[in-house]
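Please open the model in your viewer, and keep the sequence panel beside it so that you can select residues by number as we go. We will begin with the whole chain and then move through it stop by stop.

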Amino acid sequence: MVKLNVSWKPSDDIALALSGGIDSMVLYNLLKTTYKDTYRKLYIFHVNHGARIESFDEEKALKKRVERDGFKFLSTTLNIEKFSQQKGRLLRYEFFFQEMRNNNIQYCLTAHHKDDDFESIIFELLTSRYLHGVGIKEIYKRFVRPMLNVRLKEIETYAHNYNVTYFLDQTNETNDYTRNYIRHEILTHVDSHEALHLESLTAFKEDYNALVALAKSEAKAFLKRPFKRSQFNQCRHILKVYILSIWLNVSRTYIEEIIRRLDSNESQFELPIGHKMFVCSYDDCYIREDKTYKTYLTIDSTGTYEFNGYKISVKGLTGLTVRTFQNGDRVKLKDVGTKKVSRLFIDKKISNDKRKTMPIIVDENGRIIAVGEIYNIIKLLNKDNREVNLNIEEINYDA
C-alpha cells in the first residue's frame with residue numbers, strides 16, 4: 001500500500017498535476033479512493049507539451065476519465081518552437097500558478113517520488129547546482145509532494161495490484177536528456193550494487209541542507225551590518241560565497257570574480273549587477289542605483305543651492321560656477337602651492353562615486369575655491385570674515 005504524507009486540511013481545495021504517467025495516475029487513484037476525505041474539492045491540472053503526437057489523444061482520454069469521475073479538468077497546450085525540459089517546466093508551473101489563483105486553490109500536488117529525489121540530488125551535484133541545497137522539497141511554496149518518501153517500485157506494485165492504467169512516454173526511455181541518463185546509467189547500477197545504497201543520498205540531503213541553512217544564517221547575520229571589505233576578507237571562502245549569493249543573486253562564476261577582486265590590491269572598482277552597480281571603495285562596498293546627476297550650476301546671488309546631494313550656502317560671493325571634477329583640476333594650498341584635485345581625492349579616500357558628483361566651486365577668475373567638504377579656500381583665508389561665507393555639506397536624506 002502506498003502511504004501519502006498528507007499536509008493539507010480536509011477544508012482545503014487542492015489540485016493534482018496529472019501527466020498521465022504511472023506516478024501521477026497512482027496518486028490520482030489514491031486521492032479519489034483511500035484519501036478522498038482529506039480535501040474539500042479536487043481539481044485536475046494537465047499540461048500538453050505538444051512535443052509528441054500521442055499527447056493530444058492522451059489529453060482527450062484523461063479529460064474524459066476525470067470528468068466521468070466528477071472532477072474539474074483544467075488543461076493547456078504549450079507552444080514551444082524548440083522544446084526543452086527547462087522551458088517546459090517554466091511554462092508548466094506558470095499555468096499551475098495561474099489556475100490556482102483563478103480557482104482559489106490552496107495547494108497543488110505533484111507526483112514526485114523518492115527515485116525522482118535521488119535523481120535530482122545527483123543532477124544538482126554533478127551540474128554544480130547545489131549552492132542553495134539539494135533534492136526536492138516536500139513542500140515548496142504551495143506545491144506539495146505527498147509521495148516523496150515512496151520508491152518507484154512501490155508505485156509500480158500499486159499500479160499492478162489496483163489495475164491503474166497509465167500512458168508511457170517513450171522519450172523517458174532514451175538518454176537524450178541529462179536526467180534520463182542519470183536515471184538509466186547511474187541510479188540503476190547503484191541500486192543493484194550490494195555495497196552501494198541510494199538511501200544514503202537521502203541522509204546526505206538532510207545533512208547537507210542543514211549545513212546550507214547554517215551557512216545562510218551566518219551570511220544573513222553578516223549582511224545586517226554595513227559591508228566592510230576588511231571584515232569580509234577575513235571570512236571563510238564558502239561563507240563569502242553565501243554572503244554574495246544572498247546579497248547580489250548572481251552566478252557562482254561572478255561571485256568568485258568579486259571575491260578575487262575584493263582580495264586584490266585594487267583600492268576601488270565597480271562591477272555591473274543587472275541595472276545596478278556593485279561598488280567597492282576602499283573598505284566600503286555597496287550597491288549603487290544607476291542615476292543621472294548634475295554637471296553644471298551657476299550661482300549669481302546669495303542663497304542656498306543643491307547640487308548632487310550637497311547643500312551649498314553662499315553669502316557675499318557672486319559669479320560662481322558649480323561643476324563636477326575635470327582632469328587637470330588643481331587647488332591652492334596656503335603656504336604650500338598647488339595640488340591636483342585627483343591627489344586630494346586619493347588622500348582623503350573619496351570614493352569614485354563621490355568624485356563623479358562632488359561639487360567643484362570655481363570663481364569668476366576660473367580658480368577653484370572649494371571642493372565638496374574636503375577643501376574650502378574661503379574658510380582658510382577668511383576664518384573671521386562673516387561677510388563672506390561659502391559652506392558645503394552633504395545632505396543626509398535619511399535623517
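With everything displayed as a cartoon, you are looking at a predicted model, in which the protein has 13 helices and 19 strands. The radius of gyration is 32 Å, well over the 21 Å that the globule rule gives for 399 residues, so the protein is more spread out than a compact globule. If you turn the model along its principal axes, the C-alpha atoms fill a box of roughly 100 × 50 × 40 Å. Of the 399 residues, 43% are buried, and among the contacts between residues at least 6 apart in sequence, 62% join residues at least 24 apart.

**First stop: the six-stranded sheet**

Now select strands β1 to β6, which form an open sheet in the order β3-β2-β1-β4-β6-β5, with mixed pairing. Which strands stand at the edges? They are β3, residues 72-77, and β5, residues 139-140; each has a single partner strand, so one side of each is left without a neighbour in the sheet. As background, strands of a sheet pair through backbone hydrogen bonds, either parallel or antiparallel. Zoom in on β2, residues 41-48, which runs parallel to β3 and is joined to β3 by six bridges. To see where the two strands meet, show the side chains of isoleucine 44 and, opposite it in β3, phenylalanine 73.

**Second stop: helix α1**

Next select residues 22-32, which make up helix α1; this helix lies across β1 (13-17), β2 and β4 (107-109), and runs at about 150° to β1. How many of the residues of α1 are buried? The helix is mostly covered, with 10 of its 11 residues buried, among them Ile22, Met25, Tyr28 and Leu31. If you display the surroundings, you will find that what covers these buried residues includes β1, β2, α2 and β4, together with α4 (114-126) and α5 (152-161).

**Third stop: helix α2**

Move on to residues 54-68, helix α2, which lies across β2 and β3 and runs at about 165° to β3. At 1.5 Å a residue, the 15 residues of α2 should span 21 Å, and the end C-alpha atoms are 21 Å apart, which agrees. Colour Ser55, Glu58, Glu59, Leu62 and Val66, which are the buried residues of α2. They cover an arc of only 105° around the axis, which puts them on the same side of the helix. Their cover includes α1, β2 and β3, whereas the face turned away from the buried side carries the exposed residues Asp57, Lys60, Lys64 and Arg68. Following the chain beyond α2, you reach glycine 70, whose phi is positive, near 95°.

**Fourth stop: two loops with positive phi**

Most residues other than glycine have a negative phi. With that in mind, select lysine 141, which is found in the loop between β5 and β6 (143-144) and has a positive phi near 55°. Is lysine 141 buried or exposed? At 59% relative accessibility it counts as exposed, since the cut-off for exposed is over 50%. Then go to asparagine 249, in the loop between α9 (237-248) and α10 (252-262); this residue also has a positive phi, of about 55°, although it is not a glycine, and at 70% relative accessibility asparagine 249 counts as exposed.

**Fifth stop: asparagine 149**

Return to the loop between β6 and α5, where asparagine 149 has its place; at 55% relative accessibility this residue counts as exposed. Leaving aside residues up to four places away in sequence, asparagine 149 touches Lys114, Glu138 and Glu154. Try a distance label between asparagine 149 and leucine 4, which are 145 residues apart in sequence and 8.3 Å apart in space, C-alpha to C-alpha.

**Last stop: strands β10 and β13**

In a regular strand the side chains alternate between the two faces of the sheet. To look at an example, select β10, residues 296-299, where Leu297 and Ile299 point to one face and are buried, while Tyr296 and Thr298 point to the other and are not. Finally add β13, residues 320-323, which pairs with β10 in the antiparallel sense over four bridges, and pick out leucine 320, the bridge partner of isoleucine 299.

Technical notes:
Residues numbered from 1 in each chain as written. Predicted model: local features only at pLDDT ≥ 70, side-chain atom pairs only at ≥ 80, totals over all residues. Heavy atoms only, no water. Pairing = 2+ DSSP bridges. Contact = heavy atoms within 4.5 Å. Axes fitted to C-alpha atoms, helices over the stretch in contact; angles between N-to-C directions. Expected span 1.5 Å × (residues − 1). Buried < 20%, exposed > 50% of the residue type's maximum accessible area, 1.4 Å probe, protein only. Arc of directions from axis to C-beta. Rg over C-alpha atoms; globule rule 2.2 N^0.38 Å.
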